[in-house]
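Visitor: I have a structure to look at and some questions about it. Can you put it up on the screen?
Guide: Here it is.

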Amino acid sequence: MTTNFEQYVLPTYGRQPVSFVEGKNAHLIDSEGKEYIDFAAGIAVCSVGHGNERLNKAICDQISKITHVSNLYHIEPQALAAKKIVELSGYTMKCFFGNSGAEANEGAIKIARKYGEVDGEAKRYKIITLEHSFHGRTITALKATGQESMHNYFGPFPDGFVYAKNIDEIESLLDEHTVAVMIELVQGEGGVQPLDRAKVQALATLLKSRNILLMVDEVQTGIYRTGEFLASNLYGIEPDVITLAKGLGGGVPIGVVMTNRLDIFAPGDHGSTFGGNYLSTAAANEVLDILEELKSSGALDETLIYFENALEQFAQKHPAIFLAHVGFGLMRGLRVCDAETLGKIINSAREAGIIVLKAGRNTLRFLPPLTITKADIDEGFERLKVAMKDL
């Protein structure tokens, strides 16, 4: 275990009693030499696995030349990353680079608020989000999050956020001050809960007819996590604003807000000291290349199907514990009968050498690297079988 951790690090996480020191694709090794299969990927961050040789080389090559100069100058890898992201998305957009998903969502909120400033008309500022949503830990992103338990202690919060119980309620909440609706197409922290595709498409059409922005938080769903480059592609919609982070950097901090409002920001409207620097965008470019190749070859789709089938077979062996199978691609969840059982499964799994996560609605969450092999999927579920015997 790490020495002096509790003495010097603020206790903001309920950390598990393990410290990892090495990794290779979907394998991790802890400080005691124990080996694990990783079905969590750093909460969907390590999209190309641990210790990826191509990503490591790209990072090393870049930092041997230049790491950072600030956004006062042109950064060629940033421009290339923006080009790749826009082209892979299939939308006509421009990108702003930050350092995290929360920052990306803050940028999206600022885009919406500026879009609502129209001379001579009533200011539009309200943003509707969904209950059970999660949009980040900064003050404004936290207020955008539709979970009342997360609004303790840190007020007063910025005004202007409205929470819909579900997608069906959104239309009734629209008024002359509504400027945007922000949704996750699959609620990650909210229980790996997908929204209904037909309802999302109907919502997109409605908002467009009323000149209200549709903003999609793809911090977790983006960068092939659900099988397509964006979950928005999977849903067949064209949002006005999209946010990305997590899997884009493969472990290097990065966040992106992209929008079809190409001239919404002027110099001075927004900024980031570290955002989009040489290090983070060089990493993003290599991650995008690796995953685009994986998708184009058909290997990614094959892995998604294989994992889905393995997960379903595992769940079927425990019908009294696992009540439903939710999610898409390599963003999967099993609804567990109760919170106590969920906690026991996660702890027992760790002891058996398999890393899994929890999410809202008593959900056992699976977010393996997109580069995971079939052999590691098989081994991971064998270890989960062992873990279930200990319950």
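Guide: One term before we start: a residue is buried under 20% relative accessible area, exposed over 50%, and partly exposed in between. Also, this is a predicted model.

Visitor: OK, use it on something. Is lysine 246 buried, exposed or partly exposed?
Guide: Lysine 246 has a relative accessible area of 22%, so it counts as partly exposed.

Visitor: Where does lysine 246 sit?
Guide: In the loop between β11 (241–244) and β12. Its backbone is worth a look: lysine 246 has a positive phi of about 25 degrees although it is not a glycine.

Visitor: Which other residue has a positive phi without being a glycine?
Guide: Arginine 361 is one, with phi near 60 degrees. That residue lies in the loop between β16 (357–359) and β17 (363–366), and at 34% relative accessibility arginine 361 is partly exposed.

Visitor: While we're on the backbone, is the peptide bond from glycine 155 to proline 156 cis or trans?
Guide: Cis, with omega near 5 degrees. Proline 156 is in the loop between α6 (139–144) and β6 (161–164).

Visitor: Switching topic. How many disulfides are there?
Guide: The count is 0. A pair of cysteine sulfur atoms has to be within 2.5 Å to qualify.

Visitor: Why does cysteine 46 have no bond?
Guide: Because the closest cysteine sulfur, in cysteine 60, is 16 Å away, which is too far. It reads the same from the other end: for cysteine 60, the closest cysteine sulfur is that of cysteine 46, at 16 Å.

Visitor: And are those two buried or exposed?
Guide: Cysteine 46 is buried, at 12% relative accessible area. Cysteine 60 is partly exposed, at 46%.

Visitor: Now empty space. How does anyone find it?
Guide: Rolling a probe the size of a water molecule over the atoms shows where empty space is left.

Visitor: How many cavities of 30 Å³ or more does that give here?
Guide: The structure holds 1. The largest cavity has about 40 Å³ of space.

Visitor: What lines the largest cavity?
Guide: Its lining includes Ala44, Ser47, Val219, Arg225, Lys246 and Leu370. So the lysine with the positive phi turns up again, as Lys246 is part of this lining. By class, the lining divides into 4 nonpolar, 4 polar and 2 charged residues.

Visitor: Tell me about serine 47. Where is it?
Guide: Serine 47 is in the loop between α2 (41–44) and α3 (53–63). With a relative accessible area of 2%, serine 47 is buried.

Visitor: What about pockets? What volume does the second largest one have?
Guide: About 780 Å³. It is lined by 29 residues, and the closest to its centre are Gln78, Cys95, Phe96, Phe97 and Phe265.

Visitor: Which elements supply at least two residues of that lining?
Guide: α4 (76–89), β4 (94–98) and β12 (255–259) each do. The lining of the second largest pocket has 15 nonpolar, 9 polar and 5 charged residues.

Visitor: Helices next. What is α5 like?
Guide: Helix α5 covers residues 101–115, 15 in number. From first C-alpha to last it reaches 21 Å, close to the 21 Å expected at 1.5 Å a residue.

Visitor: How many residues of α5 are buried?
Guide: 11 of the 15, so α5 is largely enclosed by the rest of the structure. Among them are Gly101, Asn105, Glu106, Ile109 and Tyr115.

Visitor: And α13, how far does it reach?
Guide: 23 Å from first C-alpha to last, close to the 22 Å expected; α13 has 16 residues, 374–389. In α13, Asp376, Ile377, Gly380, Phe381, Arg383, Leu384, Ala387 and Met388 are buried. They cover an arc of only 160 degrees around the axis, which puts them on the same side of α13.

Visitor: Why can residues that are not next to each other in a helix share a side?
Guide: An α-helix has 3.6 residues a turn, so residues three or four places apart point the same way.

Visitor: What is on the other side of α13?
Guide: Ala375 and Lys389 are there, and they are exposed.

Visitor: Last one. Where is methionine 182, and is it buried or exposed?
Guide: Methionine 182 is in strand β7 (residues 178–183). At 1% relative accessibility, methionine 182 is buried.

Note on methods:
Residues numbered from 1 in each chain as written. Predicted model: local features only at pLDDT ≥ 70, side-chain atom pairs only at ≥ 80, totals over all residues. Heavy atoms only, no water. Buried < 20%, exposed > 50% of the residue type's maximum accessible area, 1.4 Å probe, protein only. 1 Å grid on protein atoms, 1.4 Å probe; cavity = no way out; pocket = protein on both sides within 12 Å on 5 of 7 lines; lining within 4 Å. Points joined across faces, edges and corners; volume = space filled by probe spheres on them. Helix = DSSP H or I, 4+ residues; strand = E, 2+ residues; numbered from the N terminus. Nonpolar A, V, L, I, M, F, W, Y, C, P; charged D, E, K, R; others polar. Expected span 1.5 Å × (residues − 1). Arc of directions from axis to C-beta.
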